[in-house]
Amino acid sequence: MSIDAFADNTIASEMSPAEIFPNFAVLDSEAVTLGQDSEGRARYAAKKLESWRSVYFTVPNASTTLLRNLAEWAGVHLYTKQGLVVEANDQYLMIHHGGEMPENIDVHLPGPAKVKELFSEREVSQESDHFTVIMAGPMTELYQLKKSSP
């Protein structure tokens, strides 16, 4: 995915009006400008460095979709691309679905693991790096992740 896919002057101009102070802008000529304010100053920019990526924006109310897409561009592992609350560590994964309608949730683990849903004690997968779960209405599920031994 190219960083140019995130270019949006609307975000920069609507969310960072020129009359708000302090008034920060990106001056790095090597950064890719993704959004400018009404005065043409870069308010939203990204830069790919040797071993990491940097994104700067003055958008106080960035959408979860924008943040999720930027995280994916930066190489962050996403357990799901759906707009859900997710908390995870190397042993547990919590997913909260706050919607009213049932939804198939595609979950992608960083590596193969045996997965068990702890509230129901149901086995979800054996040595897999992904699984799908149906979550109906507002609910939270907690999974135990057991990685295979090398």
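# Why the labels apply: strands, cores and a pocket

Q: How many residues lie between strand 2 and strand 3 in their hairpin?
A: The hairpin of strand 2 and strand 3 has four residues between its strands. The model is predicted, so local features require pLDDT of at least 70 and side-chain atom pairs pLDDT 80 or more, whereas totals for chains, interfaces and linings draw on all residues. Residues are numbered from 1 along each chain as its sequence is written, and side-chain values rest on heavy atoms, with hydrogens and water left out.

Q: What makes strand 2 and strand 3 count as paired?
A: Two strands pair if DSSP finds at least two bridges between them. Strand 2 and strand 3 (residues 53-57) share five bridges in the antiparallel sense, so the criterion is met. Within this pairing, A45 has Y56 as its bridge partner, and K48 stands opposite R53.

Q: How do you know that strand 1 and strand 2 are paired as well?
A: Strand 1 (residues 32-36) and strand 2 are joined by four antiparallel bridges. One of the residues involved is G35, whose bridge partner in strand 2 is Y44. The hairpin of strand 1 and strand 2 has five residues between the strands, and G40 takes a positive phi near 85° there.

Q: Why is strand 2 called largely enclosed?
A: A residue is buried under 20% relative accessible area, exposed over 50% and partly exposed in between (1.4 Å probe, protein chains only). Six of the seven residues of strand 2 (residues 42-48) are buried, so the rest of the structure largely encloses this strand. For the protein of 150 residues, the buried share is 31%.

Q: How many helices and strands are there, and how do you know what to count?
A: Both are DSSP runs numbered from the N terminus: helices are H or I of at least four residues, strands are E of at least two. By this rule the protein has two helices and eight strands, in the order α-β-β-β-α-β-β-β-β-β. In helix 2 (residues 64-73), the buried residues are L66, R68, L70, A71 and W73. G75, just after helix 2, has a positive phi of about 95°.

Q: What makes a group of residues a nonpolar core, and which residues touch the most other members of the largest one?
A: Such a core is a set of buried Ala, Val, Leu, Ile, Met, Phe, Trp, Tyr and Cys residues joined through side-chain atoms within 4.5 Å. The largest core has 14 residues, of which L93, I95, V107, L109, F131, Y143 and L145 touch the most other members. Strand 5 (92-97), strand 6 (103-117), strand 7 (122-135) and strand 8 (139-147) each give two or more residues to this core. Strand 6 supplies the largest share, five residues. A second, separate core of six residues includes Y44, A46, L70 and W73.

Q: Which residues are in contact with I95, leaving aside its neighbours within four places in sequence?
A: Contact means heavy atoms within 4.5 Å. On that basis I95 is in contact with L84, V85, V107, M135, M139, T140, E141 and Y143.

Q: Why is E121 called exposed or buried?
A: E121 has 59% relative accessibility, so it counts as exposed. E121 lies in the loop between strand 6 and strand 7 and, although not a glycine, has a positive phi of about 60°. Most residues other than glycine have a negative phi.

Q: Why do E127 and S125 receive the accessibility labels they do?
A: At 41% relative accessibility, E127 counts as partly exposed. S125 has 10%, so it counts as buried. E127 lies in strand 7, as does S125.

Q: What makes a space a pocket, and which residues line the largest one?
A: On a 1 Å grid over the protein atoms alone, a cavity is a set of points where a 1.4 Å probe fits but cannot get out, while a pocket is an open set with protein on both sides within 12 Å along at least five of seven lines; lining residues have an atom within 4 Å of a point. T64, R68, V76, H77, L78, Y79, T80, Q82, G83, L84 and V86 line the largest pocket.
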